[in-house]
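Good morning. I will go through one chain with you, and I will take it piece by piece.

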Amino acid sequence: MSGETDLIKLYSGQILALASDMPHTDMLDTPDATVKKRAPLCGSTITVDVKTEDGKIAAYGQDVKACALGQAAASVVGKSIIGCTRAQVEAGRDGLKAMLKDGGPTPPAPFEGLEVLRPAQDYRNRHASILLSLEATLEAFDQADQSACA
């Protein structure tokens, strides 16, 4: 049992370190889309700005008001998001959801750092907060695409 306790402590340290090292915290001056999402159970909110170019995220900004788990997820996403296609973001979101809900494999690159959140699997009330950054980014990606086509 002490090995399991040590593992939880290790992940907690990693989660807190990620939460305190949030990239892209400045919102964009002229985003292609801005989306604010809220997790109803815990009240976490994330606002993301995206600028897309050639079907990829060219610039990203985020304002994160979430628990440490939501902040850690947003930190991993923020570190990996520039240059991602919509398909990559969707695969990351789906992989994270499967990992949390069903014990699935680590989310695919470039979001494999979300593995640090595997211990949150048993805390279903936190899953929405953990998924917020990828959900908001997907919605912003879609809005940016719609604006570009209009």
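Let me start with a small spot. Find H24; at 32% relative accessibility it counts as partly exposed, because that value falls between the cut-offs of 20% for buried and 50% for exposed. One thing to say early is that this is a predicted model. H24 sits in the loop between α1 and β1. Its phi is positive, about 55°, although H24 is not a glycine. As background, most residues other than glycine have a negative phi.

There is another residue of this kind, D54. D54 is in the loop between β2 and β3, and its phi is near 55°, again a positive value in a residue other than glycine. Is D54 buried or exposed? With a relative accessibility of 75%, D54 counts as exposed.

Now the overall layout. The chain has 4 helices and 3 strands. Read from the N terminus, the elements come in the order α-β-β-β-α-α-α.

Next, the strands. The 3 strands make up an open sheet, ordered β1-β2-β3, with antiparallel pairing. The edge strands are β1, residues 33-38, and β3, residues 56-65, and each of these pairs on one side only. From one strand to the next, the twist averages 20°.

How many bridges join β1 to β2? There are 6 bridges, and the two strands run antiparallel. If you want one position to look at, T34 stands opposite D49 in β2. The hairpin of β1 and β2 has 6 residues between the strands, and within this hairpin G43 takes a positive phi near 85°.

On the other side, strand β2, residues 45-53, is joined to β3 by 9 bridges, and this pair is antiparallel too. Here you can look at I46, whose bridge partner in β3 is V64.

What lies across β2 and β3? Helix α2, residues 68-80, does, and it runs at about 160° to β3.

Let us move to the inside. In soluble globular proteins, nonpolar side chains tend to be buried together. In this chain, the largest nonpolar core has 40 residues, and the members that touch the most other members are V89, L96, F111, L114, L117 and I130. Which elements give two or more residues to this core? They are α1 (2-19), β1, β2, β3, α2, α3 and α4 (127-149). The element that gives the most is α4, with 9 residues.

Take F111 from that list. Leaving out residues up to four places away in sequence, F111 touches V77, S80, I81, C84, Q88, V89, G92 and L134.

G92 is worth a stop as well. G92 belongs to helix α3, residues 86-102. Why does G92 count as buried? Its relative accessibility is 0%, so G92 is under the 20% cut-off. With residues up to four places away in sequence again left out, G92 touches P107, P108, F111 and L134. For a distance, take G92 and I15: they are 77 residues apart in sequence, and their C-alpha atoms are 18 Å apart in space.

One more local feature, in the loop between α3 and α4, where P110 is placed. The peptide bond that joins A109 and P110 is cis, with omega at about 10°. For comparison, most peptide bonds are trans.

Last, the chain as a whole. Its C-alpha trace spans about 55 × 25 × 25 Å along the principal axes. The radius of gyration is 15 Å, which agrees with the value near 15 Å for a compact globule of 150 residues. What share of the 150 residues counts as buried? The figure is 43%. The accessible surface comes to about 7500 Å², and 51% of that belongs to carbon and sulfur atoms. As for contacts between residues at least 6 apart in sequence, 58% of them join residues at least 24 apart.

To recap, there is an open sheet of 3 strands, a nonpolar core of 40 residues to which α4 gives the most, and a cis peptide bond between A109 and P110. That is the end of my part.

Technical notes
Residues numbered from 1 in each chain as written. Predicted model: local features only at pLDDT ≥ 70, side-chain atom pairs only at ≥ 80, totals over all residues. Heavy atoms only, no water. Pairing = 2+ DSSP bridges. Axes fitted to C-alpha atoms, helices over the stretch in contact; angles between N-to-C directions. Contact = heavy atoms within 4.5 Å. Rg over C-alpha atoms; globule rule 2.2 N^0.38 Å. Buried < 20%, exposed > 50% of the residue type's maximum accessible area, 1.4 Å probe, protein only. Areas by Shrake-Rupley, 256 points an atom, 1.4 Å probe, with all protein chains shown as cover. Core = buried A, V, L, I, M, F, W, Y, C linked by side-chain atoms within 4.5 Å.
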